[in-house]
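Please open the model in your viewer and keep the sequence panel at hand. The tour proceeds by selection, from the whole chain to individual side chains.

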Amino acid sequence: PRPPWLATTAFLEPTDAGPDDTRAPDEALDLEYIFGFNAQRRQHCFYARRGELLYPAGGIGVVLDSASGAQRHFQHHADCIECLRVHHGAGDTWVATGELGVRPKVLVWSAATLEVLATLRGVHR
């Protein structure tokens, strides 16, 4: 049987499309706020030493200041974050996030600066 949406949607190419432009755009997008989080796993939300909430949303680690509502974003993963754990050190919180994917990696990063402290590869089988 034919899917019902094929009968209701016309698949036509646009008639007024200009030539393909393969140049990169002059402007870039900036992530301002994330609504939602990865709810498929348990124990994915932690507090940082400074009272901020840490949790994954897709492939991004979110650091939320719950008092002001401001977010900061750790954007160094190439795939969905599968696990997140924290360690409270002297004056900072270290976060370890592991991703899914063909060549997954675990990143250890600072919740205060969002700086990558270590990258672990080859430990997943």
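The stops below cover the overall fold, the aromatic pairs, a cavity, one residue of its lining and a final strand residue.

**The whole chain**

Begin with the entire protein chain in a cartoon representation, bearing in mind that this is a predicted model. The chain contains one helix and eight strands. Read from the N terminus, the order of elements is α-β-β-β-β-β-β-β-β, so the helix precedes the strands. Colouring by accessibility will show that buried residues make up 30% of the 125 residues. Among contacts in the protein chain with a separation of 6 or more, 32% are between residues 24 or more positions apart.

**The aromatic pairs**

Next, display the aromatic side chains; the structure holds three aromatic pairs. Select Tyr-33 and Phe-35, which form one of them: the centres are 4.9 Å apart, the planes make an angle of 50 degrees, and the pair is tilted. The two members of this pair can also be inspected for exposure. Tyr-33 is partly exposed, at a relative accessible area of 36%, whereas Phe-35 is exposed, at 75%.

Now move to Phe-74 and Trp-109. How are these two rings arranged, stacked or edge-to-face? Their centres lie 4.1 Å apart with the planes at 5 degrees, and because planes under 30 degrees apart count as stacked, the pair is stacked. Phe-74 belongs to strand S4 (residues 71–74) and Trp-109 to strand S7 (residues 105–110), so the pair ties together parts 35 residues apart in sequence. Phe-74 is buried, with a relative accessible area of 0%, and Trp-109 is likewise counted as buried, at 1%.

**The cavity**

Switch to a representation that shows internal voids. Rolling a probe the size of a water molecule over the atoms shows where empty space is left. The count is one cavity of 30 Å³ or more, and the largest cavity holds about 40 Å³ of space. To outline the largest cavity, select Ala-48, Arg-49, Arg-50, Glu-52, Gly-91, Asp-92, Thr-93, Ala-111 and Ala-112. Which classes of residue make up this lining? Three are nonpolar, two are polar and four are charged.

**Glu-52**

From the lining, centre the view on Glu-52, in the loop between strand S1 (46–47) and strand S2 (53–57). Is this residue buried or exposed? With 8% relative accessibility, Glu-52 counts as buried, because the limit for that class is under 20%.

Display the polar contacts of its side chain. One, of 3.5 Å, runs from Glu-52 to the side chain of Arg-50, another member of the cavity lining. A further polar contact, of 3.2 Å, joins the side chains of Glu-52 and Arg-72. Then extend the selection to the other neighbours. Leaving aside residues up to four places away in sequence, Glu-52 touches Phe-46, Tyr-47, Val-63, Leu-64, Asp-65, Arg-72 and Ala-111. Of these, Ala-111 also lines the largest cavity.

**Val-106**

For the last stop, return to strand S7 and select Val-106. Val-106 counts as buried, at 14% relative accessibility. Add Leu-84 to the selection and draw a distance between the two C-alpha atoms: they are separated by 9.4 Å, with the two positions 22 residues apart along the chain counted as their offset.

Methods
Residues are numbered from 1 along each chain as its sequence is written. This is a predicted model: local features need pLDDT of at least 70, side-chain atom pairs count only at pLDDT 80 or more; totals for chains, interfaces and linings use all residues. Side-chain values use heavy atoms; hydrogens and water are left out. Rings of Phe, Tyr and Trp (its six-membered ring) pair if their centres lie within 6.5 Å; planes under 30 degrees apart count as stacked, over 60 as edge-to-face and the rest as tilted. Buried means under 20% relative accessible area, exposed over 50%, partly exposed in between (1.4 Å probe, protein chains only). Helices (H or I, at least four residues) and strands (E, at least two) are DSSP runs, numbered from the N terminus. On a 1 Å grid over the protein atoms alone, a cavity is a set of points where a 1.4 Å probe fits but cannot get out, and a pocket is an open set with protein on both sides within 12 Å along at least five of seven lines; lining residues have an atom within 4 Å of a point. Grid points are joined across faces, edges and corners, and a volume is the space filled by probe spheres set on the points. Ala, Val, Leu, Ile, Met, Phe, Trp, Tyr, Cys and Pro count as nonpolar, Asp, Glu, Lys and Arg as charged, and the others, Gly among them, as polar. A polar contact is a pair of N or O atoms within 3.5 Å; within protein, one must be able to donate a hydrogen and the other to accept it, and residues adjacent in sequence count only if both atoms are side-chain atoms. Contact means heavy atoms within 4.5 Å.
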